[in-house]
Amino acid sequence: MTLKSAFSVISLTLPVLFLSACSDNTVSQEVTATAYTLSEAETKKGNVGLAAWGDQLEPGMKAIAVSRDLIAKGLTHRTEVEVEGMGTYTVLDKMNKRWTDKIDILMADRAEAREWGKQTVTIHWEAPQETP
């Protein structure tokens, strides 16, 4: 097998592997992603790290806040979300209602958050099962 044909096999196989890991209930959406930290200015004053659903955020947690329009699409409390290129995060916080199609990723420190800035990312999550 030549190097060129090996890359062809890999490029054809990888999408198939990704698709086979997804269920029929997987939802994908492109969103704006910003970052926040556990500084008092960015969380609840007087209760640093207290999230909107009552969770206590801690350094190192892989948590995100979501805009409220995404909650209506199934990104509810404790939903696992795959952020392409970054891994899996848990929805533990919600954003002010003025934001739409947006997530806020919890980061360790302000320097890391500022370096991240504002980016467009694709997220994937399992839609809730409809009850009969």
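**Fold, cores and long-range ties in the predicted model**

Going along the sequence, the elements of the protein chain come in the order α-β-β-α-β-β-β-α-β. That makes 3 helices and 6 strands. The model is a predicted one, and pLDDT averages 83 over the protein chain, with 80% of the residues scoring at least 70. The weak spot is residues 1–21: pLDDT stays under 50 there, and the model has 3 contacts beyond four places in sequence for this stretch. Where pLDDT is low, predicted coordinates are not something to read in detail.

As for the chain overall, 34% of its 132 residues are buried. Its accessible surface comes to about 8400 Å², and carbon and sulfur atoms account for 55% of that. Contacts reach a long way along the sequence: among those between residues at least 6 apart, 72% join residues at least 24 apart.

Strand 2 (63–66) is a good place to start on the sheet pairing. Strand 2 runs parallel to strand 4, with 4 bridges joining the two, and antiparallel to strand 5, with 3 bridges. Taking individual residues, Ala-65 has Asp-93 as its bridge partner in strand 4, while Ile-64 sits opposite Ile-105 in strand 5. Strand 2 is also covered on both faces: Ala-63 and Ala-65 are buried on one side, and Ile-64 and Val-66 are buried on the other.

Now to the nonpolar packing. The largest nonpolar core has 20 residues, and Ile-103 and Ile-123 touch the most other members. Two or more residues come from each of strand 1, strand 2, helix 2, strand 3, strand 4, strand 5, helix 3 (110–116) and strand 6 (119–126). A second core, separate from this one, holds 9 residues, including Ala-51, Leu-57, Met-95 and Leu-106. Contacts of Ile-103, leaving aside neighbours within four places in sequence, include Val-31, Thr-32, Ala-33 and Thr-34. They also include Ile-64, Ala-65 and Val-66, the residues named above for strand 2. Leu-70, Val-83, Met-95, Val-121 and Ile-123 are on the contact list of Ile-103 too. Met-95 therefore appears both as a contact of Ile-103 and as a member of the second core, with contact and core membership resting on separate criteria.

A search of the whole structure turns up 2 salt bridges. One is between Asp-55 and Arg-78, whose closest N and O atoms are 2.8 Å apart. Asp-55 is in the loop between strand 1 (26–36) and strand 2, and Arg-78 is in the loop between helix 2 and strand 3, so this pair ties together parts 23 residues apart in sequence. The two partners have contrasting surroundings: Asp-55 is buried at 9% relative accessible area, whereas Arg-78 is exposed at 51%. The other salt bridge joins Lys-73 to Asp-101, with 3.7 Å between the closest N and O atoms. This pair, too, links distant parts of the chain, 28 residues apart: Lys-73 is in the loop between helix 2 and strand 3, and Asp-101 is in the loop between strand 4 (87–94) and strand 5 (102–106). Here both partners are partly exposed, Lys-73 at 40% relative accessibility and Asp-101 at 31%.

A few loop residues deserve a look of their own. Thr-79 lies in the loop between helix 2 (68–72) and strand 3 (80–83) and, at 12% relative accessibility, counts as buried. Beyond four places in sequence, Thr-79 touches Gly-74, Tyr-89, Thr-90, Val-91 and Trp-125.

Thr-37, in the loop between strand 1 and strand 2, is likewise buried, at 3% relative accessibility. The C-alpha atoms of Thr-37 and Arg-110 are separated by 6.3 Å, although these residues are 73 apart along the chain. Not counting residues up to four places away, the contacts of Thr-37 are Glu-42, Thr-43, Leu-106, Met-107, Asp-109, Arg-110 and Ala-113.

Gly-85 is another loop residue, placed between strand 3 and strand 4. With 84% relative accessibility, Gly-85 counts as exposed. Its C-alpha atom is 8.6 Å from that of Val-121, a residue 36 places away along the chain.

Key
Residues numbered from 1 in each chain as written. Predicted model: local features only at pLDDT ≥ 70, side-chain atom pairs only at ≥ 80, totals over all residues. Heavy atoms only, no water. Buried < 20%, exposed > 50% of the residue type's maximum accessible area, 1.4 Å probe, protein only. Contact = heavy atoms within 4.5 Å. Areas by Shrake-Rupley, 256 points an atom, 1.4 Å probe, with all protein chains shown as cover. Salt bridge = Lys/Arg side-chain N within 4 Å of Asp/Glu carboxyl O. Core = buried A, V, L, I, M, F, W, Y, C linked by side-chain atoms within 4.5 Å. pLDDT = per-residue confidence, 0-100. Pairing = 2+ DSSP bridges.
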